[in-house]
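Trainee: Please take a close look at one part of this model, the helix packing, and then place it in its surroundings. Give the cut-offs behind each term as you go.

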Amino acid sequence: MTELNKVGQFATAMLNAATLDDLLWSIAENIGKTLGFDDCVIYLNVNKVLIQKAAYGIKNPNDRELLNSIMIKVGQGIVGAVAQSKVAEVIPNTALDTRYINDEFSGKSEITVPIIFENNTIGIIDSESANLDNYDSHDVELLQIIANIAAPRIASALYRSTLQKTQLQLEKTNGKLETSLYELKKNQEILIHSEKMASIGLLAAGVAHEINNPLSFSISNLTVFKDYYDHIKEMHEKLISHAEMPLELKNQLLSEDYSHTITDIANIVEETNEGLLRIKNIVSDLCGYIRKEDRNFSNFDINDGIKTAINVLKGEINNDCHLELNLENLPSIQGNKSKIHQVFVNIILNALQATDKNGLIKVKTYRNNNHACIDITDNGSGIENKNLQNIFTPFFTTKPVNKGTGLGLFICHRIITEEHTGRIQVSSNDNETTFRIMLPFINANYEEKSLTLQH
Ligand SMILES: Nc1ncnc2c1ncn2[C@@H]1O[C@H](COP(=O)(O)OP(=O)(O)OP(=O)(O)O)[C@@H](O)[C@H]1O
Ligand SMILES: [Mg+2]
């Protein structure tokens with residue numbers, strides 16, 4: 001094979017190499033085969049350290065396997081010296097060269113050629129032989145031509161590989177940024193949602209507070225009124241039974257209209273009193289619901305919690321929807337009262353939003369071993385099968401923009417499962433949707449949180 005043929009064969013082999021790795025292995029192999037060398041190692045210069053990347057011969061027992069890849073600093077040994085001087089060298093007898101670094105594959109003679117691109121040593125081609133004086137100046141010339149042809153190819157492959165790495169890095173960073181952005185958005189929305197809940201509560205508490213005073217004097221006036229009424233009734237009875245009462249007056253007092261008025265007043269007073277007491281309960285619930293965000297775990301009654309939630313939602317419940325309560329007496333549970341209230345409000349509100357005319361919402365509490373169970377069932381629109389697995393995912397909503405944020409159930413899930421070691425399940429078919437909440441009577445988080453609060 002002529003010299004020209006050798007160079008041509010080498011250049012063609014390089015053209016077929018797709019990646020930096022392909023290129024370096026193809027250079028090593030073609031040098032070994034076309035120049036008849038027993039051994040050839042290609043180094044790359046990575047931040048002034050020469051790293052063996054590909055080999056032919058003794059250092060390459062199997063396909064692309066590099067035995068004991070070593071690293072040499074620029075300036076060290078023969079390879080490092082050539083990288084620094086950028087001048088190829090032939091060492092006829094390595095034993096006589098103090099720079100020679102012995103390794104397990106030590107040769108008796110060596111040829112080392114720099115791969116230079118834009119005046120920088122980007123790599124080294126090195127060959128060692130088991131024979132003394134195996135290389136001559138002609139080999140140096142040919143190997144340097146090959147190194148010069150390879151240099152721009154290696155440089156561009158290096159550039160491409162760095163670019164790919166940077167791109168990968170960028171994609172990773174981008175992914176991380178997207179995740180952070182999503183987390184940020186989620187947390188922001190959670191905050192807005194909690195703020196929304198808190199401000200609804202605050203508003204309600206403000207109204208409740210305003211109602212409190214007139215309510216108190218209305219109840220007290222009604223009590224006085226009732227006393228007066230009892231007194232008037234007594235007088236009325238006395239007058240009727242008075243022997244000297246003129247007949248005309250007596251008949252008037254006994255007339256149906258008059259006695260009806262007297263008994264009706266009693267009913268009116270009774271009903272008004274009942275109504276006022278109901279308002280009083282609602283007002284006191286509202287004030288309790290909002291009492292600053294309470295981070296404490298305490299013992300509380302689930303059924304009271306349900307009633308409070310219903311009172312808070314009174315404004316949302318209209319005549320189209322009927323509420324049916326079936327509350328079993330239960331031992332108190334341990335938990336964060338205001339957060340559990342928030343869960344009930346969210347789920348009952350969802351049920352109200354899902355029903356229209358002839359809506360029926362059933363709330364049932366019962367005991368199941370160590371858990372208090374709360375089933376909230378509605379006969380509303382139902383949840384499509386494909387949506388069931390998504391309803392606890394943040395931002396999942398089927399409601400129009402500005403109507404739902406899709407955070408209600410996500411927050412409920414977190415409160416029940418993470419903060420109260422409970423469970424929340426949902427089932428839905430064409431007729432009914434049921435949310436089941438299970439809360440342990442003895443909560444593992446209770447003591448933990450109480451302990452934390454003592455610090
Ligand atoms: N009782 C129910 N009946 C039918 N669909 C329901 C019911 N409860 C929840 N969903 C579905 O689950 C979705 C998610 O509910 P979630 O409470 O998390 O968010 P949202 O009600 O849409 O918005 P918000 O953040 O204001 O509560 C709802 O959009 C709705 O599609
Ligand atoms: Mg909701």
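Mentor: The crossing in which H1 passes H2 is right-handed; that is, the near helix is turned clockwise from the far one by less than a right angle, whereas an anticlockwise turn would make it left-handed. This is a predicted model, in which local features need pLDDT of at least 70 and side-chain atom pairs count only at pLDDT 80 or more, while totals for chains, interfaces and linings use all residues. Residues are numbered from 1 along each chain as its sequence is written, and chains are lettered from A and ligands numbered from 1 in the order in which they are written.

Helices here are DSSP runs (H or I, at least four residues), numbered from the N terminus. H1 covers residues 3-15 and H2 residues 20-35, and they pack at about 160° with axes 9 Å apart. The axes are lines fitted to C-alpha atoms over the stretch in contact, with angles from 0 to 180 degrees between N-to-C directions. H1 and H2 are therefore roughly antiparallel, a label for angles over 145 degrees; under 35 is roughly parallel, 65 to 115 roughly perpendicular, and the rest oblique.

From H1, Lys6, Gln9, Phe10, Ala13 and Met14 meet Leu23, Ser26, Ile27, Asn30, Thr34 and Leu35 of H2, contact being C-beta atoms, placed from the backbone, within 7 Å. Six of the residues in this contact are nonpolar, four polar and one charged. Nonpolar covers Ala, Val, Leu, Ile, Met, Phe, Trp, Tyr, Cys and Pro, charged covers Asp, Glu, Lys and Arg, and the others, Gly among them, are polar.

A second pair is H7 (residues 302-312) with H8, at about 55° and with axes 9 Å apart. That angle makes H7 oblique to H8. Their crossing is right-handed. Gly305, Ile306, Thr308, Ala309, Ile310 and Val312 of H7 touch Lys337, Ile340, His341, Phe344, Val345 and Ile348 of H8. By class, this contact has eight nonpolar, three polar and one charged residues.

H8 also gives the most to the shell around ligand 1, four residues. Of the 23 residues there, Ala354, Thr397, Gly404, Gly408 and Leu409 come nearest; a residue is near if its C-beta atom, placed from the backbone, lies within 6 Å. H8 (337-354) and H10 (408-419) are the elements giving two or more residues to that shell. The shell divides into eight nonpolar, 13 polar and two charged residues.

Domain 1 spans 3-166 and domain 2 spans 293-455, bounds that come from an automatic or database domain assignment. Their C-alpha centres lie 72 Å apart.

Notes:
Two residues are in contact if their C-beta atoms, placed from the backbone, lie within 7 Å.
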